[in-house]
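Please follow the explanation below with the sequence and the model side by side, moving from the strands to the loops and then to the ligand.

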Amino acid sequence: MFKINDNYLKLPGSYLFSTIAQKVAAYTEAHSEADIIRLGIGDVTQPIAPAIIEAVHKAADEMGTPEGFHGYAPDLGYEFLRSKIAKEDFQARGCDISADEIFVSDGAKCDCGNIQEIFSLDNRIAVCDPVYPVYVDSNVMAGRGGVYDAATERFSDIIYMPCTAENNFAPELPAETPDLIYLCFPNNPTGSVLTKEQLQQWVDYANKVGAVILYDAAYEAYISEDNIPHSIYECEGARTCAIEFRSFSKNAGFTGMRLGFTVVPKDLKCGDVMLHTLWARRHGTKYNGAPYIIQKAGEAVYSPEGKAQLKKQVAYYMQNAHVIYDGLKSAGYTVSGGVNSPYIWMKTPDGMTSWEFFDYLLEHANVVGTPGSGFGPSGEGYFRLTAFGTYENTVKAVERMKQL
Ligand code: MLT
């Protein structure tokens, strides 16, 4: 008789964004006239930039010719894309990262979820609380969670690092020593950032205790202030303790195209074993690469036209962020984030729980957001709004919220 991986049964409820989608679908079915504005999941709304679409068309045409046809992509991604990434995203910022340390994939979510496979099951993970649910869920599925306590909403074997208004939503070094530390900055969900000095402290700490930092930099394109690092490799010593995840979803609107990459420096070792070798082994075994057409689209992100068009796109979303931040603040809400991030983190009014406010907002303003408690117990009493809607809908949503 077969057995299931019963670690899955330890996961409370379904994936956060699936739960929200189900709730919204049920509401819409009961209120077909409702003009719902979705500022929940961080999905983009602007069309793919012209320079990128042009590259897609060109690559698609190539695929229809004998000389331009491409079958399986190279395991780690096409050289034309990896060298662009190394040069533009890292070397241009003074980071010592080379093209053969880049692993192209179909998105940061999969890489963030899969990376734990190359680590021993008895490693202890540390996560921010609140946190992007993928880090916790993927480790629980693998068996690293321990026992779930419904009262505290925590797993016994996971180290939680509360990110609250008191610490400016920036985690403090944990009291217990972790083996793997998940950090995401600019942060999802709180929109907070770490300064270079703050991130350097984490790098120094990881090198000191022999931990690996799994650094999710999916939102780096939204950084507007100086002294906020775009990559962890801007910090000294990060090559021996950090893996970085990047996405094309948020900076270039690829949520429906799927493209991302992971950086594993060759200096990152456990004894004599390079993590690079293990991740390459996994990649080669379980993955056949992002499609040629999509990797060509990714290359266009770095062209002069692509860069200029995407700068405008990011500015468009950041304008939305300002509309939400300023609008809610002037209406008396307590808000943060939204300056170096497309996420605005607000305190729920009148002591409502996160889910109570979700229902209230859906019913009275027909606006969908994300309950803070869905990201972890320290998110209770908070609510996340995304700047990825259209400008018109964003203005409308804020106006409706002001009327409440
Ligand atoms: C979010 O809303 O947190 C993001 O869209 C999740 C993701 O990028 O997978």
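In this predicted model, a convenient place to begin is strand β13, which pairs with strand β14, residues 343-347, in the antiparallel sense, the two being joined over 3 bridges. Within this pairing, Ser336 has Trp345 of β14 as its bridge partner. The two strands belong to an open sheet of 4 strands, whose order is β13-β14-β17-β16 and whose pairing is antiparallel. At the edges of this sheet stand β13 (335-337) and β16 (370-371), each of which pairs on one side only.

A further open sheet is built from 7 strands in the order β2-β10-β9-β8-β7-β3-β6, and here the pairing is mixed. Its edge strands are β2 (102-105) and β6 (159-162), each pairing on one side only. Averaged over the sheet, and with direction ignored, neighbouring strands are turned by 20° against each other. Inside the strand order, β3 (residues 125-129) and β7 (residues 180-184) run parallel and are joined by 2 bridges, and along this pairing Ala126 stands opposite Ile181 in β7.

The chain that follows these two strands contains cis peptide bonds. One of them joins Asp129 and Pro130, with omega at about 10°, and Pro130 has its place in the loop between β3 and α5 (133-142). Another is the peptide bond from Asn188 to Pro189, which is cis with omega near 20°; Pro189 lies in the loop between β7 and α6 (196-209). A backbone feature of another kind is found at Glu153, a residue other than glycine whose phi is nevertheless positive, near 60°. Glu153 is located in the loop between β4 (148-149) and β5 (154-155).

Asn188, already met at a cis peptide bond, also leads to the ligand, since it is one of the residues around it, a group made up of Phe17, Ile41, Gly42, Lys109, Tyr132, Asn188, Tyr219, Lys250, Tyr343 and Arg384. By residue class, this shell divides into 5 nonpolar, 2 polar and 3 charged residues.

Why can the ligand be described as lying between two domains? Domain 1 (6-46 + 305-402) and domain 2 (53-303) both give residues to the shell, and the ligand therefore lies between them.

Several side chains of the shell place polar atoms opposite oxygen of the ligand. For Tyr132, an N or O atom of the side chain is 2.6 Å from an oxygen atom of the ligand. In the case of Asn188, a polar side-chain atom lies 2.9 Å from an oxygen atom of the ligand, and for Lys250 the distance between an N or O atom of the side chain and an oxygen atom of the ligand is 2.9 Å. Taken on its own, the ligand has 270 Å² of accessible area, of which the protein covers 86%.

Terms used. Residues are numbered from 1 along each chain as its sequence is written. This is a predicted model: local features need pLDDT of at least 70, side-chain atom pairs count only at pLDDT 80 or more; totals for chains, interfaces and linings use all residues. Side-chain values use heavy atoms; hydrogens and water are left out. A residue is near a molecule or strand if one of its heavy atoms lies within 4 Å of it. A polar contact is a pair of N or O atoms within 3.5 Å; within protein, one must be able to donate a hydrogen and the other to accept it, and residues adjacent in sequence count only if both atoms are side-chain atoms. Accessible areas come from the Shrake-Rupley method with a 1.4 Å probe; for residues, only the protein chains shown count as cover. Ala, Val, Leu, Ile, Met, Phe, Trp, Tyr, Cys and Pro count as nonpolar, Asp, Glu, Lys and Arg as charged, and the others, Gly among them, as polar. Domain bounds come from an automatic or database domain assignment. Two strands pair if DSSP finds at least two bridges between them. Axes are lines fitted to C-alpha atoms, for helices over the stretch in contact, and angles run from 0 to 180 degrees between N-to-C directions.
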